[in-house]
Amino acid sequence: VNRPHILMSPPDHFEVFYAINPWMDVKIAVDKQLAKRQWQELREALSEQADISVVDSAPGLPDLVFTANAAFVVGRKAVIARFKNAERQPEEPHYERWFRENGFEVVLLPRDTSFEGAGDALIYDDRLILAGYRQRTDVLAHQRLSQEFGLPTLSLELPHPHFYHIDVCLCPLPRGHLLYYPGAFDEYGLRVIHANVPEEKRLEVSIVEARQFACNAVSVGNTVFANQISARLREALRRRGFQTVSLNLSEFIKAGGSAKCLTLRLN
Ligand code: ARG
């Protein structure tokens, strides 16, 4: 059987020297040593159940650690990111090179179609792509994903600046479960979610949990890895057959990212 395969990038050059989302504040210092330890702990925890590949970090590109944004990958095909913000655009060739060198079929979107990879596109229940738009990703990119992968894409608008990528407010889990923060969507988005995800499979998180990045979770088999998982959420997940690994990713939250943002599932 295929062991899960995850792409990460070490935080050697991680810091916050620009602000492109409301979590980021250039006046709040990142503890770089602590960031390295937190990243290493995440890597080690995931390594028990998954193979980890690494794309090199690069000076001047602090957000390269957030490999979730590198691309959207299904099978051997990778649609490479087109970052909305100029600060992150120089990351694109790094990711593109990694995918080419590792034998993936690379798809490049037009320069003016912004798309932030698996930060804004997630596979739900092996049959649907749930994709976010407006803040970072253009809805045009969603159409392209449907064409490339032959799956319907449900486009969900992200109206709230703190929830700027869909992976900070929604997380598909195995067996059709869905973890999400309802407050991050508009009424129409919620209707779309409700129409496609059976009630007993929906797991809602509170605003407090959402702000601790509960939805920015990585699932490997039946284990869910996330920042500071609350006792309530741990119990709710346990009842649905999931174990949890709670981590401290405080330094990455200063950049608006957590466990899921630091990983990209490759299979
Ligand atoms: N500072 C990064 C940005 O604003 C954080 C990216 C987090 N990644 C994610 N998949 N949500 O782009």
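Strands, like helices, are taken here as DSSP runs and are numbered from the N terminus, a strand having at least two residues. In these terms, Asp-112 of this predicted model lies in the loop that joins strand S5 (105-107) to strand S6 (121-124). With a relative accessibility of 65%, Asp-112 counts as exposed, because the term applies to residues over 50%. The C-alpha atom of Asp-112 is separated by 12 Å from that of Ala-86, a residue 26 positions away along the chain.

The loop between S5 and S6 also holds Glu-116, but this residue has a relative accessibility of 1% and therefore counts as buried, the limit being under 20%. When residues up to four places away in sequence are not counted, Glu-116 touches Ala-68 and Asn-69, the run of Ala-81, Arg-82, Phe-83, Lys-84 and Asn-85, and, further along the chain, Arg-136, Thr-137 and His-165. The loop between S5 and S6 thus contains both an exposed residue, Asp-112, and a buried one, Glu-116.

As a whole, the protein has a secondary structure of seven helices and 15 strands. Its radius of gyration is 17 Å, which is close to the 18 Å that the globule rule gives for 267 residues, so the protein is as compact as a globular protein of that length. The C-alpha trace spans about 45 × 40 × 40 Å along the principal axes, and buried residues make up 56% of the 267 residues. Among contacts with a separation of 6 or more, 71% are accounted for by residues 24 or more positions apart. The accessible surface comes to about 11200 Å², and 49% of this area belongs to carbon and sulfur atoms. As for charge, the protein carries 31 positive and 33 negative charges, whose mean positions are 3 Å apart.

In soluble globular proteins, nonpolar side chains tend to be buried together. In the present model, the largest nonpolar core has 68 residues, of which Leu-46, Leu-170, Phe-185 and Phe-252 touch the most other members. Helix H1 (residues 32-47) provides the largest share of this core, namely five residues. One of the residues named above, Phe-252, touches Pro-11, Phe-14, Ala-35, Gln-38, Trp-39, Val-65, Phe-66, Gly-257 and Leu-262, when residues up to four places away in sequence are not counted. A second core, separate from the largest one, has 20 residues and includes Val-73, Ala-78, Trp-98 and Val-106.

Two arginine residues were examined for their backbone angles. For Arg-134, phi is near 105°, a positive value in a residue other than glycine; this residue is placed in the loop between strand S7 (128-133) and helix H3 (139-149) and is partly exposed, its relative accessible area being 46%. For Arg-175, phi is near 60°, again a positive value in a residue other than glycine. Arg-175 is found in the loop between strand S9 (170-173) and strand S10 (177-180), where its relative accessible area of 42% makes it partly exposed.

Ser-219, finally, is placed in strand S12 (residues 218-220) and, at 18% relative accessibility, counts as buried, because its value is under 20%. Apart from its neighbours within four places in sequence, Ser-219 is in contact with Pro-172, Leu-173 and Pro-174, as well as with Val-224 and Arg-265.

Conventions: Residues numbered from 1 in each chain as written. Predicted model: local features only at pLDDT ≥ 70, side-chain atom pairs only at ≥ 80, totals over all residues. Heavy atoms only, no water. Helix = DSSP H or I, 4+ residues; strand = E, 2+ residues; numbered from the N terminus. Rg over C-alpha atoms; globule rule 2.2 N^0.38 Å. Buried < 20%, exposed > 50% of the residue type's maximum accessible area, 1.4 Å probe, protein only. Contact = heavy atoms within 4.5 Å. Areas by Shrake-Rupley, 256 points an atom, 1.4 Å probe, with all protein chains shown as cover. Lys, Arg positive; Asp, Glu negative; His and termini not counted. Charge placed at Lys NZ, Arg CZ, Asp CG, Glu CD. Core = buried A, V, L, I, M, F, W, Y, C linked by side-chain atoms within 4.5 Å.
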